[in-house]
Amino acid sequence: MISTKKIYHADSSDDFQDWQAELSAAVSDLDTLFTLLDLPKQAHSHTPKQFGLRVPHAFIKKMKKGDIHDPLLRQVLPDGRERMTVDGYSTDPLDENNHNPIKGLLHKYQSRVLLTVTGACAVHCRYCFRQHFDYHANQPSTHEMDEVMDYITKHTEVNEVILSGGDPLSLNNKRLKLWLDKITAIGHIRTVRLHTRLPVVLPNRVDHELIALIRHYQKNIVIVLHINHPNEIDDQLIAKTKQLKDAGATLLNQSVLLASINDDIQTLSKLNQDLFGAGILPYYLHILDKVQGAAHFDIDIHDAVGLYWQLLEALPGYLVPKLVQERPNHPFKTPIDIYQYSNKKMKLMIKNACNL
């Protein structure tokens, strides 16, 4: 049966009075999602008890009705293959638990710390590397904020703080301001970075209060968006990114290579061109983190490198993101050696080019 909660039409995000109401109304059951997208109920649909379906109406609006293979839908639709146990995939693929000196703080990289300020997110992407993360044990209370700030103050080698989660923009503006006030008061912090998907899946989150908040701080404010497919970029998002840039934020994007979603040169080329058109600079192109339940999204690294060579050929250098993989216990994101993983045909082409 369809949920008794009010079903908004997929083109009705303006019906919500504010972004928090829109967030609360995110779709969490398959019947409602299929109804909104004019899809027949799928036989043997996977409904996980943990990390269930969650997707806002504004993101559903960007999906093609009647298409079960829509690349945005595939990113959020639970899949029975998530139940498979695959060698090499784990619940903590980046070994973050060993870099968690105090509650809510990860210190993996020398000059940066990452704060898990919330476990909430507007959308549950099925490949999320933190889908098994214990947010309850790693979300600091208001009282515990002081311990986090004391750690950052004592570690003067840290000059950048990354707000993550979950999604830091899931916090209301009052709570977000509390974090930003405390962080920016530390003298040796030069940059505050927010990793977020909310402007993409719920553009109304970029409200007047948030814009004023970003404009208020004298530190560098960097917003790293997470966009995997050009269909995620529409006029509403472009309008919001313009507001963020006008407020002084630097906008970057990180994508994940995902099988049958963006693992072709046409999609990747258009993605990075459209990002630039929206005022967002391509930053990282990630090899999938090997998290349990997401193996069906992974692609062979040799195929990834082959795509990357095509991307280098198709686009100017400033539109080509760094191809990287985050590996456990490495003090940096690891650039992929595109020469090592090139196939024989590509290596021959490189050799011939060098001999010209």
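This talk walks through one chain, from its overall make-up to a pair of helices, a buried strand residue, the empty spaces and a few backbone details.

I should say at the outset that what we have here is a predicted model, and that everything I mention is computed from it. The chain contains 12 helices and 9 strands, and of its 356 residues 56% are buried. If we take the contacts in the chain with a separation of 6 or more, 79% of them are accounted for by residues that lie 24 or more positions apart.

Let me turn to a pair of helices. Two packed helices are described by the angle between their axes and the distance between the axes. For helix 6, residues 173-184, and helix 8, residues 208-216, the axes come within 10 Å and cross at roughly 10°. Since angles under 35 degrees count as roughly parallel, helix 6 and helix 8 are therefore described as roughly parallel to each other. On the helix 6 side the residues that meet the partner are Asn173, Leu176, Lys177 and Leu180, while helix 8 contributes Glu209, Leu210 and Leu213. By class, this contact of helix 6 with helix 8 has 4 nonpolar, 1 polar and 2 charged residues.

Leu180 appears again in the surroundings of Val192, which is one of the residues it contacts. Val192 sits in strand 4, residues 191-196, and has a relative accessible area of 0%, so it counts as buried. Setting aside neighbours within four places in sequence, Val192 is in contact with Val161, Leu163, Leu180, Ile183, Thr184, Asn220, Ile221 and Val222. For one of these, Ile221, the separation in sequence is 29 residues, yet the C-alpha to C-alpha distance from Val192 is 5.1 Å.

Now to the empty spaces. Rolling a probe the size of a water molecule over the atoms shows where empty space is left. The largest pocket has a volume of about 980 Å³ and is lined by 44 residues, with Phe129, Arg130, Ser164, His195 and Gln254 lying nearest its centre. Strands 1, 2, 3, 4, 5, 6 and 7 each supply at least two residues of that lining, which by class has 22 nonpolar, 12 polar and 10 charged residues.

As for enclosed space, a search of the whole structure finds 3 cavities of 30 Å³ or more, and the second largest of the cavities has a volume of about 40 Å³. Which elements supply at least two residues each to the lining of this second largest cavity? They are strand 6 (250-256), helix 10 (265-277) and strand 7 (281-286). Its lining residues include Asn253, Leu268, Tyr284 and Pro321, and the lining divides into 9 nonpolar, 3 polar and no charged residues.

Finally, some backbone details. Most residues other than glycine have a negative phi, and most peptide bonds are trans. Against that background, the peptide bond from Gly165 to Gly166 is cis, with omega near 25°, and Gly166 is found in the loop between strand 3 and helix 6. Phe51, although not a glycine, has a positive phi of about 50°; it lies in the loop between helix 2 and helix 3, and its relative accessible area of 18% means that it counts as buried. Ser260, also not a glycine, has a positive phi of about 65° and is found in the loop between strand 6 and helix 10, where, at 52% relative accessibility, Ser260 counts as exposed.

How values were computed:
Residues numbered from 1 in each chain as written. Predicted model: local features only at pLDDT ≥ 70, side-chain atom pairs only at ≥ 80, totals over all residues. Heavy atoms only, no water. Axes fitted to C-alpha atoms, helices over the stretch in contact; angles between N-to-C directions. Helix = DSSP H or I, 4+ residues; strand = E, 2+ residues; numbered from the N terminus. Parallel < 35°, antiparallel > 145°, perpendicular 65-115°, else oblique. Contact = heavy atoms within 4.5 Å. Nonpolar A, V, L, I, M, F, W, Y, C, P; charged D, E, K, R; others polar. 1 Å grid on protein atoms, 1.4 Å probe; cavity = no way out; pocket = protein on both sides within 12 Å on 5 of 7 lines; lining within 4 Å. Points joined across faces, edges and corners; volume = space filled by probe spheres on them. Buried < 20%, exposed > 50% of the residue type's maximum accessible area, 1.4 Å probe, protein only.
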